[in-house]
Amino acid sequence: MNPELQVQPRLLTLEGGEGAGKSTVLAALRDALLADGQDVVCTREPGGTPLAERIRELLLGVGNEPMDAHAELLLMFAARAQHVVQVIRPALVRGAWVVCDRFTDSSYAYQGAARGLDMGLIAELERHAVGVTPGLTLLLDLDVTRARERTRGRDLLGEAMPDRIESERDAFFERVRAGFRERAAREPQRIRVLDAGQSLEQVAADALLALADYRRRLA
Ligand code: T5A
């Protein structure tokens, strides 16, 4: 971890490839914290504020003009800078928990490991434009073929069309997965790897155990 980043114990993030089950796990964490009387803010990236959501549309929309990898990286960080200042920091300052669907680890995995952009540049952007790092990150690790089956099932049900990044090939998502796992191996204290190949109920149960264990360590 970059030592210049401020660790935020009440900032929890969920990471992983497409279709790993982050939405369900996020709801389980939120419900557990609310049941314990905690103030909780749930949010997502890219997005989380009106401006950042507009940037999300630019990032995920399937347009005619191919997006340059650096343009993609800088837009991710533009959205994140806005999100941190408008939503994440104020919530943490008032003592709330922030549960965020994706955060800076996604930029290291997608733009760094998968697109091949300079990790040093990503670290600089993180230092200048973000400044904070989560106390706990749950990495929902899933085989790329299984993930493809899940998102395809969702597409066939008409729930969503593949966005610009989802339309990448399997080799891209193999690099994303390897990038996340490498970060988890480097920061085992912060990043807990969960087996997202299990049933949704089991993944949510594992996430709740990880949260309970983390809160015990914090106390
Ligand atoms: N991105 C993001 C970057 O490139 N860099 C960055 O810095 C950031 C922040 C975001 C995109 O942007 C990229 C990454 C992404 O490509 P998004 O729509 O938010 O776009 O993408 P995802 O976060 O991947 O959203 P998904 O909805 O695809 O993933 P989830 O939330 O992990 O999956 P979920 O819960 O919606 O589940 C998908 C389907 O699988 C089923 C669900 O029911 C659902 O149908 N499912 C399971 N089925 C059986 N067993 C399980 N355990 C299941 N878990 C889920």
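A residue is called buried when its relative accessible area is under 20%, and this word will be needed several times in the walk through this predicted model.

A good place to begin is strand 3 (97-101), where five of the five residues are buried. In a regular strand the side chains alternate between the two faces of the sheet. In strand 3, Trp97, Val99 and Asp101 lie on one side while Val98 and Cys100 lie on the other, and since all of these are buried, both faces of the strand are covered.

From strand 3 we can widen the view to the sheet. Strands of a sheet pair through backbone hydrogen bonds, either parallel or antiparallel. Here the sheet is open and has five strands in the order 2-3-1-4-5, with parallel pairing. Strand 2 and strand 5 (191-195) stand at the edges with a single partner strand each, so one side of each has no neighbour in the sheet. From one strand to the next, the twist averages 20°.

Going across the sheet in that order, we meet the pairs one by one. Strand 2 (40-44) pairs with strand 3 in the parallel sense over five bridges, and in this pair Cys42 stands opposite Val99. Strand 3 is in turn joined to strand 1 by four bridges, the two strands running parallel, and Thr13 stands opposite Cys100 of strand 3. Strand 1 (6-16) and strand 4 (132-141) also run parallel and are joined by eight bridges; Leu14 faces Leu138 of strand 4, and Glu15 faces Leu139 of strand 4. Finally, five bridges join strand 4 to strand 5, again in parallel, with Asp141 opposite Asp195 of strand 5. Strand 4, like strand 3, is mostly covered, for ten of its ten residues are buried.

Helices lie against this sheet. Helix 4 (104-114) packs on the sheet, touching strand 1, strand 4 and strand 5, and its direction makes about 45° with that of strand 1. Helix 7 (residues 170-186) lies across strand 1, strand 4 and strand 5, and runs at about 125° to strand 4.

One residue of helix 7, Phe180, helps to show how these parts come together. Phe180 has a relative accessible area of 4% and is therefore buried. Leaving aside residues up to four places away in sequence, Phe180 touches Glu15, Gly16, Gly17, Arg102, Asp105, Ser106, Ala109, Tyr110 and Leu139. The C-alpha atoms of Phe180 and Ser107 are separated by 9.9 Å, although these residues are 73 places apart along the chain.

Helix 4 also has a helical partner. Two packed helices are described by the angle between their axes and the distance between the axes. For helix 3 (residues 69-93) and helix 4, the angle is about 175° and the axes are 11 Å apart. Because an angle over 145 degrees counts as roughly antiparallel, helix 3 and helix 4 are described in that way. Where they meet, Glu72, Leu73, Met76, Phe77 and Arg80 come from helix 3, and Thr104, Ser107 and Gln111 come from helix 4. Sorted by class, this contact has three nonpolar, three polar and two charged residues.

We can now turn to the interior. In soluble globular proteins, nonpolar side chains tend to be buried together. The largest nonpolar core of this model has 22 residues, of which Leu12, Leu29, Leu138 and Leu140 touch the most other members. Strand 1, helix 1 (22-35), strand 3, strand 4 and helix 8 (200-218) each supply at least two residues of this core, and the largest share, five residues, comes from helix 8. Leu12 gives a detailed picture of such packing: apart from residues up to four places away in sequence, Leu12 touches Leu33, Trp97, Val98, Val99, Cys100, Leu136, Leu211 and Tyr214. There is also a second, separate core of 20 residues, and among its members are Leu73, Val98, Cys100 and Val130.

Two details of the backbone in the loops complete the tour. In the loop between strand 2 and helix 2 (50-60) lies Pro46, and the peptide bond that leads from Glu45 to Pro46 is cis, with omega near -10°. In the loop between strand 3 and helix 4 lies Arg102, whose phi is near 75°, a positive value in a residue other than glycine. Arg102 has a relative accessible area of 13%, which means that this residue is buried.

Technical notes: Residues numbered from 1 in each chain as written. Predicted model: local features only at pLDDT ≥ 70, side-chain atom pairs only at ≥ 80, totals over all residues. Heavy atoms only, no water. Core = buried A, V, L, I, M, F, W, Y, C linked by side-chain atoms within 4.5 Å. Buried < 20%, exposed > 50% of the residue type's maximum accessible area, 1.4 Å probe, protein only. Contact = heavy atoms within 4.5 Å. Axes fitted to C-alpha atoms, helices over the stretch in contact; angles between N-to-C directions. Parallel < 35°, antiparallel > 145°, perpendicular 65-115°, else oblique. Nonpolar A, V, L, I, M, F, W, Y, C, P; charged D, E, K, R; others polar. Pairing = 2+ DSSP bridges.
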